[in-house]
Amino acid sequence: MNEMIARASAAQATASDPAASVFVSANAGTGKTKLLTDRVLRLLLSGAPADGILCVTYTRAAAAEMRNRIFKRLANWATIPAKALGEDLENMGIVTPSQDMRRRARSLFAEILDNDDGPRVETVHSFCQSILRRFPIEAGVAPHVQLADDDEQSRLKAMARANILYHPSPELAASVLLIAEAVSEGRADEIVNDFINRAEGLESPDCLARSSRISVMILALSLLLMNAIC
Amino acid sequence: MTSPSVYSIDAGMPFARELAMGIAKLADSPERLARGLILLPSRRAASALQAAFLDGADGVPMLLPRMLPVGDFGNDDDGRLSPFLGDDAGSDLPPPISKIRRQICLAKLLRHFPLGGQYPTQPQAMRLADSLGQLLDQLYNADATVEQLRDLLPDQFSAHWQDILTLLGILIDRWPDILAQEGLIDVVDRRNRLLRRRAKQWRDQPPDQLIVIAGSTGSIAATRELIGVVANLPDGHIVLPGLDRHAGDQWPAICEDSGHAQYQLAQLLAYLEITPDQVQNWTGSTDTIPPELPARRDLMREVFRPAAISEGWQRLGDASPMIDRTALAGLKVITARDRREEANLIALSLREALEKPNQTAAMITPDRQLAELVIADLRRWDIVIEDSAGKRLSLCPPGRFLSLLCDAVDANFAPLRLLSLLKHPYCAGGMNPIHFRHFVEQIELVALRGPRPGDGLPAVAAALDDAELRHFFETHVIANLAALIDCWQVPNPTLASLSEGIAEAAERLCATVMDSNGVGADRGAGAIELWKGADGMAASDLFRSLAADGRDSAIDACDMPQILRQLLEDINVHPFGTSHPRLAILGAVEARMHLARAVDAHRLILAGFNEGNWPPRPDIDPWMNSAMRAVVGLPPKNWRSGLSAHDVYMAICSKDIIVTRADKEAGTPTTKSRWLQRMEVVVNALGLDGDIDDGATEKAWLAKFEPKTIPQPAVRPSPCPPLASRPRQFSATEIDIWITDPYAIYAKKILRLKPLDDIDRSADAALRGILFHDALADFSKANATGQLGTDALQQLLDFGKTHFASQIGQPSIRYFWWTRFEAMAAWFIENEHRRRDDLQSIHAEISGMIFLQAAQGPVKLTARADRLEYDKDGQWTIVDYKTGTVPSGSLIKKGVRNQLAVEGLIAFDGGFESLPAGAIRSLEYWQLSGKKSAPGEIKTPFADLFDADEIRDRLERLANYFDQTNTPYPSELDPINVPPFKPYQHLSRSREWLYGDNADE
């Protein structure tokens, strides 16, 4: 039993070593968050700049949990006696911590607290939004762009759909009629929604032909739709 | 040369009071005092000092010194200073440019600069202009020279910064010229120049009067210069707020830490070339200082210890003198479950402060929603208080009203927008507002619920049959909006023209009296209503600026709603005066500018103590990155954290301070403020973590307010009305509801509740069904007997066109429904040709009835058959057209879809008007979807022969059952088989009890 635990701990220590890129798969409750926390701390201890560390999670709760854990450990290190500090560092896989490293461990707490830029622990959404806000021009959006919430998105999509399906130019009119004959109104809305969501994949009619069985007229319509909507 | 005369009032001391008493002491004679000049950060600070002087005078009359604001962080800064600071009629400085005008000018420029390959739209340009304006102000305040921007090597920064650099360079070049052309100058620039002039004047000719600059941290370069001059005057004195004079060996590290509470003051001291020990303690009152104040300062000094020397925390245990429990006296740190609970606790603490006579209390928070919750909670005790931090104009009634009006005209008064506008409390249209609302509600019911009557106001008027309603609408709505509609359609509109149109229409709509010439409402009367109050005035200023400055700003009318909304959101409306004599709700910036209101209060509450509030989240600067800011001379990105830290320092050092935070916000865990985390570490290292008061008392109070009973979900309603009220007439479709969901019958026929249509109901399946039915009915009536002619299909299509005519305008109907109708019509005609050989006559849309015998009397069953066919054998075929789904055989077998059965029974008995009785040959559903694969289908779910007796018997048993006194009308008795349209689910609250324990969302 002790051997199993020892092996597990050793495996975790290897996984938390920032020198290696690692893929970890584990069941719930086995200590994944601790592993990640250890890894971040070891990165910081090894001198990596805090604003060069990014942790991406799926939920805001997970991000908050992880952030709080990191700070809790660092707060602990700031004031615990030297012996306890040494033990904690050893458990993380740093066998004989130098004086420099100990000093670094102590001062990390205040440094990281005051550092607005890092380490960053946030959700995928949050990270992507921050990129868009920092580089609006490169992303091709207006600065101060705001994320439309779900209601707003539905409203704008409905407007775009209505504009295309219901006020088409003469060339589009024939295509819309074809669609109307083939599918119901609800289904037509779904198809247009689908196209809007997969805008990047629609470079040419061929790729669409290969991926689904839709008539050529509808392919042509899709291109016109995309041009008109975007 | 004597050293500069610099003092500091320690954090924790009541600022205004100390300042007043100290100045009175300093000015050794009344004349000296009267000739004195006190410079303060804001007008409110000046009033507070005045009040403090009068308080301290104890009824003895005194001539007060002149007290003037120098606008340290002024947001309501208008660039003008008092004549006593040099801004008099003789000043040669041009007048300041208004905020709106600057935004419009910059926006005009920005429209011509492509960013990332695209030219900004007008709303985008306005947004960018606002942000660019803020950058300009920051540059002025920091004394940063923008020429250095030109020197920034483009290859140092990545491609997207180069676009911006080019843009900034050109703008900075052109902006001074544009200003010169207008004969105006930037507000902030003007103020700074005045201050510099005054500084120079005093340097060259030092006045000997008493001059005091108090409460400033010198964050603006021009103010700093003035401070430097005054500090060296013969009778000049600087009084700093909350300098930590005993920072000692921490000071060098503090000077490098831009996020530190003392950083700003450190910068100032460095500029003045003095060290903290050269700053004297300002002694105002002679009261003994309670020991917890210096102890708390010692504690906070450790809490703010710069990161670079944070290893000092390890020595806390054996420092001497030790920081002990005294430092925590009067400090509470309360963690609430969520924002709601936090607001409750804060309100309780504020209320408690009022128990002691003459006690004052203030809450400081950047979280305006939290402030709103506290304000609402205080109403529990009839305490009415306003948020001093103000409210966005877009959330105030006049702002909302103007925004609604703009949205409405933009949508050509579509029903929902029109109603939102007309139902706003301000809307009166030139008559009594109550009567106005009454008419509007009637119009809603008649014309705006259900499908749209058409586009625009005339269509709504046309849909009003009642002459009185129509007259009302034309006189009190259309007449007042006519000018605005015209204004919207004029080609080449400008910001000025559109906003003038909106303002005029808004004034008319707000009036309660008509114009003297009787056309439209009285603008003047309406204007008084619309522009009243602090919020109305702010809106009025905005529209006046737009009218004056937006003449040459061409925009698209469709951009106006968004632009207006942004402009309204950016304006913060402060309430007039102080709303409550003893309590205050403040924002962080406000508290800083008006220290006396905050730190002079007997009790302070620092609320929302999480990251994002304390400190605020750093703005992402779209114009410059950190390196560029450093080159140009702007303060680092986190300079606001330092200001916030000082606010926290000043607040927590007070005698009676409560710090509150919420653990969760909208379900997500929050992050504690960094300074709270630091405090926890320090308190822990000192061994004092058990000694912080965590608000157990307050939470105990709150528990007493908790409701005693936990709300239970509703149970299935099952009313049992008296026999006399029970309905005795049902339609064929109502039978199904009677069987599966009696409560719905109760609601419909006994309570007589009819669900309202949606406003502007979009074309839906029910409408499609009606159009198809009507066309077919017309056709059948026109061709009741005999064979069809060759033009039958055309005839049917013509009937269809007639019925579709009113709806054909809606393109979805034109494309999707009409094609279906055509396909269905073709099938129908072909089917007709085949069937007619065996038929004598066809009857469409015939009403009929029979009576069932029940215990309390007869029950009438009615039906309206879509189609009845009388064949040559004298037998009836009954057809029901369905454009949607057809009931399945199993449902019919279960006896929960009885429409055809009832119609059959009526036909069997001869109950259809003027039609003979007869045997039933067949009961059919015709599914008329019009889809390509099967435009029409005949379905006969009645596999067995029609048995009239069985049906009659079943229905009479049902009627008899409900004719008993004890039979209830339960809701959704048979939930699986209830017909799909369930309008009474809200009333029955079925979601609470129908799905058992699945109420967990």
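1. A useful yardstick to begin with: an angle between axes of 65 to 115 degrees counts as roughly perpendicular. Keep it in mind for a helix pair in chain B, and note as you read that this is a predicted model.

2. That pair is helix H20 (residues 495-510) and helix H21 (residues 523-530) of chain B, whose axes come within 7 Å and cross at roughly 90°. H20(B) and H21(B) are therefore roughly perpendicular to each other. In general, two packed helices are described by the angle between their axes and the distance between the axes.

3. It is worth looking at the residues where these helices meet. H20(B) brings Glu504(B), Ala506(B), Glu507(B), Arg508(B), Leu509(B) and Cys510(B), while Arg523(B), Gly526(B), Ala527(B), Glu529(B) and Leu530(B) come from H21(B). By class, the contact of H20(B) with H21(B) holds five nonpolar residues, five charged ones and one polar one.

4. Chain B also contains an open sheet of six strands, with parallel pairing and the order E3-E2-E4-E5-E1-E6. At its edges you will find strand E3 (66-69) and strand E6 (280-281) of chain B, each paired on one side only. As background, strands of a sheet pair through backbone hydrogen bonds, either parallel or antiparallel.

5. For a closer look at the sheet, try strand E2 (residues 37-40) of chain B, which pairs with E3(B) in the parallel sense over four bridges. One residue pair to find here is Leu39(B) and its bridge partner in E3(B), Leu68(B). Lying across E2 and E3 of chain B is helix H3 (residues 43-57) of chain B, which runs at about 155° to E3(B).

6. Now to chain A, which has 12 helices and two strands. Along its sequence the pattern reads α-α-β-α-α-α-β-α-α-α-α-α-α-α. Of the 230 residues in chain A, 20% are buried. Among contacts in chain A with a separation of 6 or more, 65% are between residues 24 or more positions apart.

7. Finally, how do the two chains meet, and how many residues are in contact? On the chain A side there are 37 residues, in contact with 35 residues of chain B. The elements of chain A that give two or more residues to this side are helix H3 (60-79), helix H5 (99-114), helix H6 (124-134), helix H7 (136-139) and helix H9 (170-182). H3(A) supplies the largest share, 10 residues. By class, the side of chain A that touches chain B has 18 nonpolar, 13 charged and six polar residues.

Technical notes:
Residues numbered from 1 in each chain as written. Chains lettered and ligands numbered in written order. Predicted model: local features only at pLDDT ≥ 70, side-chain atom pairs only at ≥ 80, totals over all residues. Buried ≥ 20, exposed ≤ 12 C-beta atoms within 10 Å, placed from the backbone. Contact = placed C-beta atoms within 7 Å. Nonpolar A, V, L, I, M, F, W, Y, C, P; charged D, E, K, R; others polar. Pairing = 2+ DSSP bridges. Axes fitted to C-alpha atoms, helices over the stretch in contact; angles between N-to-C directions. Parallel < 35°, antiparallel > 145°, perpendicular 65-115°, else oblique.
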